[in-house]
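User: I'd like a close look at one pocket, please, and then at whatever can be said about its surroundings. Keep it friendly, since I'm new to this.

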Amino acid sequence: MPKAYEVVRDNLRHQWEKNRVHAPRAERARTGVTEHDTGFERRDLVFHAEYRETEAPADLADAFRVPPGTPLLERSYRTRYAAESAPLSLVTSYLVRHMIAANPALLDESNEPWPGGTQHQLHTVGIELCRVEERVTARPPTPEEACALELAAGAPVILLRKTSYDIHDRVVDLCRVTLPGDRTELLFTTPLERW
């Protein structure tokens, strides 16, 4: 059954998050990108994160430009509106473990939700993002996705692959996001420089 809200995810969210990297912790803790996308207050959301170490399979090794088997930190996020049982999306993020190991707090899921999100986490180990690429496709959900997202019959899922690059053109974060097609809008705004 469709939910009573719609999530609007726009590409300007990345600059919004980057602008907050140097903000005081109290300001970063007040709101995050989920609140930005949904309009919900932090108290309206239930956040869950699970971390595990894994080895890079060929596709992720290729994306990160590391040898297959390189240790990765896999982070799974499920945030839901407190009045609902289904998460807003299914998010799995990958980081190369040795890139972030200098800050042990980044390896501990109990530190989530991290005030300032992933861009602030990366900043704590000297990584600054310079660009984010997002590739979007859609397809029918798997039975597991349909159940987890409580999708209406016939509703598709939107698949978003987000690749974050640092100022040295290294891939530093790769996210796979599965969004419910019956209650998600993707909005892309492209600022154009004036002549």
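Analyst: Let's start with some vocabulary: helices (H or I, at least four residues) and strands (E, at least two) are DSSP runs, numbered from the N terminus. You're looking at a predicted model, so local features need pLDDT of at least 70 and side-chain atom pairs pLDDT 80 or more, while totals for chains, interfaces and linings use all residues. Numbering starts from 1 along each chain as its sequence is written, and side-chain values use heavy atoms, with hydrogens and water left out.

The part to zoom in on is the second largest pocket, which holds about 320 Å³ of space. Here a pocket is an open set of points on a 1 Å grid over the protein atoms alone where a 1.4 Å probe fits, with protein on both sides within 12 Å along at least five of seven lines; lining residues have an atom within 4 Å of a point. Its volume is the space filled by probe spheres set on those points, which are joined across faces, edges and corners.

So what lines it? There are 14 lining residues, and Asn-11, His-14, Gln-15, Arg-131 and Val-132 lie nearest the centre of the second largest pocket. Both α1 and β5 give at least two residues each to that wall, with β5 making the largest share at six residues. Sorted by class, the lining has six nonpolar, four polar and four charged residues (Ala, Val, Leu, Ile, Met, Phe, Trp, Tyr, Cys and Pro are nonpolar; Asp, Glu, Lys and Arg are charged; the others, Gly among them, are polar).

Now stay with Arg-131 for a moment. Arg-131 is tied into a network of salt bridges with Glu-133 and Asp-169 (a salt bridge being a side-chain nitrogen of Lys or Arg within 4 Å of a carboxyl oxygen of Asp or Glu). Arg-131 also lies over the face of Tyr-165, 3.7 Å from the ring centre (a charge sits over a ring if NZ of Lys or CZ of Arg is within 6 Å of the ring centre and within 35 degrees of the ring normal).

The whole structure has 11 salt bridges, and one of them involves helix α1. Lys-18 pairs with Glu-128, their closest N and O atoms 2.9 Å apart. Lys-18 sits in α1 (residues 13-19) and Glu-128 in the loop between α6 (117-123) and β5 (129-139), so distant parts of the chain, 110 residues apart, get linked. How open are these two? Lys-18 is partly exposed at 25% relative accessibility, and Glu-128 is partly exposed too, at 40% (buried is under 20% relative accessible area, exposed over 50%, partly exposed in between, with a 1.4 Å probe and protein chains only). Another salt bridge joins Asp-166 to Arg-170 at 2.7 Å. Asp-166 is buried at 1%, while Arg-170 is partly exposed at 34%.

For context, turn to the largest pocket, at about 850 Å³. It is lined by 43 residues, and those nearest its centre include Arg-13 and Phe-47. Helix α3 (residues 33-38) supplies the largest share of that lining, five residues. By class, the largest pocket has 17 nonpolar, 14 polar and 12 charged residues around it.

Phe-47 brings us to the aromatic rings. The model has two aromatic pairs (rings of Phe, Tyr and Trp, using its six-membered ring, with centres within 6.5 Å; planes under 30 degrees apart are stacked, over 60 edge-to-face, the rest tilted). Phe-40 and Tyr-81 are stacked, because their ring centres are 4.2 Å apart and their planes are at 0°. Phe-40 is in the loop between α3 and β2 (45-55) and Tyr-81 is in strand β3 (residues 71-81), so the pair ties together parts 41 residues apart in sequence. Phe-47 and Tyr-77 make a tilted pair, 5.7 Å centre to centre with 45° between the planes. Phe-47 belongs to β2 and Tyr-77 to β3, so parts 30 residues apart in sequence are tied together. Phe-47 is partly exposed at 31%, but Tyr-77 is buried at 12%.

One last stop is the backbone. Most residues other than glycine have a negative phi, and most peptide bonds are trans. The bond from Glu-112 to Pro-113, though, is cis, with omega near -5°, and Pro-113 lies in the loop between α5 (97-100) and α6. Arg-65 has a positive phi, near 60°; that residue is in the loop between α4 (58-64) and β3 and is exposed at 55%.
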